[in-house]
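Colleague: I would like to go through the labels attached to this model one by one, and to hear for each the value and the cut-off behind it.

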Amino acid sequence: MNVKELLSLKEFQDYEVICGEQGLKNEVRAVTVMDALDIRNWVKGGEVLLTSGYILYCNIDSIANIVRDVHEAKAAALFIKLGRFLSEVPEEAVKICNDIGFPIIKMPKDHLFLQAIQPAFLELLNQKNNIIATSERIHTSFINIVINGGGICEIVDTLGELLKRDVIFIDNIFNKTYKSKDTRINFENMDKKMLEKYFYYDVNLDNRNYGHIIVSNPRNDLKKYELLAVQHASTVIKLSIQKKLSNRSIEERYRDGFVQDIILNNIKSEEEVVKRGETYGWILDKSWYTTIIIDIDNTKIQYLGVKSRQDTEKIEIGNQRIFRYCAEILNCNFKDIMYTKFTDSIVFIIKCEKPCDNKSSIVKVLNELKNNTYEKFKFTLTIGIGKSRDSITKCHEAYLEAQKCVKISRRIYKNDKIMLYEELGVYNFLYEVNEIPGVKNFYKEYIDRLISYDNMHNTELMKTLIGIVENGWNLKETSKTMYIHYNTLKNRYKKIEEVSELKLHETKEKLNMELAVKLYLANNIENLI
């Protein structure tokens, strides 16, 4: 109840506003008698102060300061009996009250204080009881929705009916928007400034924002019972979202297990795969399937710096955000996908009609995903793509190929690359021969001198040699890709021949050196690129 509503009661019909009309919206929480100059020390906020005027009459020069003090203490209004001790409110006090919006009300001099206190308290008590009853009714209506299996749609509709306003809930967890029935306002086309004029309520839990309730009321213009309705709606919306999150978590766990069974070859028959796939709405018939691994770069390095459980949780939450983003992008671009998550990687299986169907579009989408992930999360991705298979039961083979792509890509390029198994070329063979005795000695014989020279003289001969090999021994192309002058590159080339003691213009020496460089790249994490 505010001061204006209090004065509208029949018991206050003879009361007159003297000044400070802007403050008639001040909330009234109590009514008390002012009988001392230090009343400010006893004001808690929301009080209507009653006075016969005697204390003010005795301190008439201090009235302006007293008014200012009780206003600063958040009193609601001052009721004065004029004509008994104090004939009028001093002009200075009137001016201050008009400036600060603090109402002074003329109280009939023959009215007892009890005649003001009793009806005011009775109205406050009635309003409080009404709020409690309304709150209980609102709470029950929302709880019944949950008990009867209703969801956010029903909650938003009920809130709209209670408020008799357009209501919308923007779900930030599942990226959905819910509108109450017959909503007339098109919230989607509103910019931030337009939304600011409406009532806006954040739905938060454990420092996580679940979304926003928007009501077509002007901002900060909801009544108490209406705000209670919004708060109750927020509570049951949180319960509904938590239930959906729990169901999603359970489904994801079972789905992840199924996809992992596929890529780890834990499937007994194709019939088993087809039947289990149907439970998730996947039709795993005779089509072609492309297997992709998206690996977050440098995650394992982050774990080395972990000092507490909170640090681990922070890394895992960051990974999950990236995984969700990857899944959203691929779901938007491809009709039939399956995926499963590991600690720092996510594996996708994309269904297609032909062996090479959508391969170029897959690479294009993955390139955009890789770039956008860095912009959004400041993490790079290494992506491996296996060869397409004509049966879902052969995807474990493609998974091993995609794994090899990620490992070789990391060794050659470190990170932030996409590699297809078909494009591994000689690196596929070189990766396999790593375990053969004598391979390491072979490439060390050709490149150790260059690496030692670089370490001693702080040069980049090995890096330059790798660039030359990757550009087919074309020095002009290498100078362009390495952004160095052509003459500088020629001088480095001569130095490489001098340090390695090889004549690289001879076919045999060139072939041996190229093979050594590629073996080195295929089998050394600590490369120079």
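Colleague: Why is Thr177 called partly exposed?

Modeller: The relative accessible area of Thr177 is 40%, and the scheme calls a residue buried under 20% relative accessible area, exposed over 50%, and partly exposed in between, using a 1.4 Å probe and protein chains only; Thr177 is therefore partly exposed. Thr177 sits in strand E7 (residues 176-179), where helices (H or I, at least four residues) and strands (E, at least two) are DSSP runs numbered from the N terminus. From Thr177 to His212 the C-alpha distance is 9.8 Å, with the two positions 35 residues apart in sequence. This is a predicted model, in which local features need pLDDT of at least 70 and side-chain atom pairs count only at pLDDT 80 or more, while totals for chains, interfaces and linings use all residues. Residues are numbered from 1 along each chain as its sequence is written, and side-chain values use heavy atoms, with hydrogens and water left out.

Colleague: What makes Leu82 buried or exposed?

Modeller: Leu82 has a relative accessible area of 11%, and is therefore buried. Leu82 belongs to the loop between strand E4 (77-81) and helix H4 (91-100), and its C-alpha atom is 9.6 Å from that of Ile105, 23 residues apart along the chain.

Colleague: Which class does Asn367 fall into, buried, partly exposed or exposed?

Modeller: With a relative accessible area of 32%, Asn367 is partly exposed. Asn367 is part of helix H12, and the C-alpha atoms of Asn367 and Ser500 are 39 Å apart in space, for a separation of 133 residues in sequence.

Colleague: What is notable about the phi angle of Lys164, and why is Lys164 called exposed?

Modeller: Phi of Lys164 is near 55°, a positive value in a residue other than glycine. Lys164 lies in the loop between helix H6 (152-163) and strand E6 (167-171), and its relative accessible area is 67%, so Lys164 is exposed. Glu501, not a glycine either, has a positive phi of about 60°; Glu501 is placed in the loop between helix H18 (486-500) and helix H19 (507-523), and its relative accessibility of 61% is why Glu501 counts as exposed.

Colleague: How do you know how many disulfides there are?

Modeller: A disulfide is a covalent bond between the sulfur atoms of two cysteines. The search takes a disulfide to be a pair of cysteine sulfur atoms within 2.5 Å, and over the whole structure it finds zero. For Cys395 the closest cysteine sulfur is that of Cys352, at 9.5 Å, which is too far for a bond. Cys352 is buried, with a relative accessible area of 3%, and Cys395 also counts as buried, at 0% relative accessibility.

Colleague: What makes the largest pocket a pocket, and what is its volume?

Modeller: Rolling a probe the size of a water molecule over the atoms shows where empty space is left. On a 1 Å grid over the protein atoms alone, a cavity is a set of points where a 1.4 Å probe fits but cannot get out, whereas a pocket is an open set with protein on both sides within 12 Å along at least five of seven lines, and lining residues have an atom within 4 Å of a point. The largest pocket has a volume of about 1,100 Å³, a volume being the space filled by probe spheres set on grid points that are joined across faces, edges and corners. Among its 29 lining residues, Ile173, Arg248, Glu252, Gln320 and Arg324 are the closest to the centre.

Colleague: Why is the second largest pocket said to lie between two domains, and which two?

Modeller: Its lining receives residues from both domain 1 (3-111) and domain 2 (148-246), so the second largest pocket lies between them; the domain bounds come from an automatic or database domain assignment. The volume of this second largest pocket is about 940 Å³, and of the 27 residues that line it, Met1, Glu5, Gln127, Lys223 and Lys224 lie nearest its centre. Helix H5 (113-147) gives the most to this lining, with seven residues.
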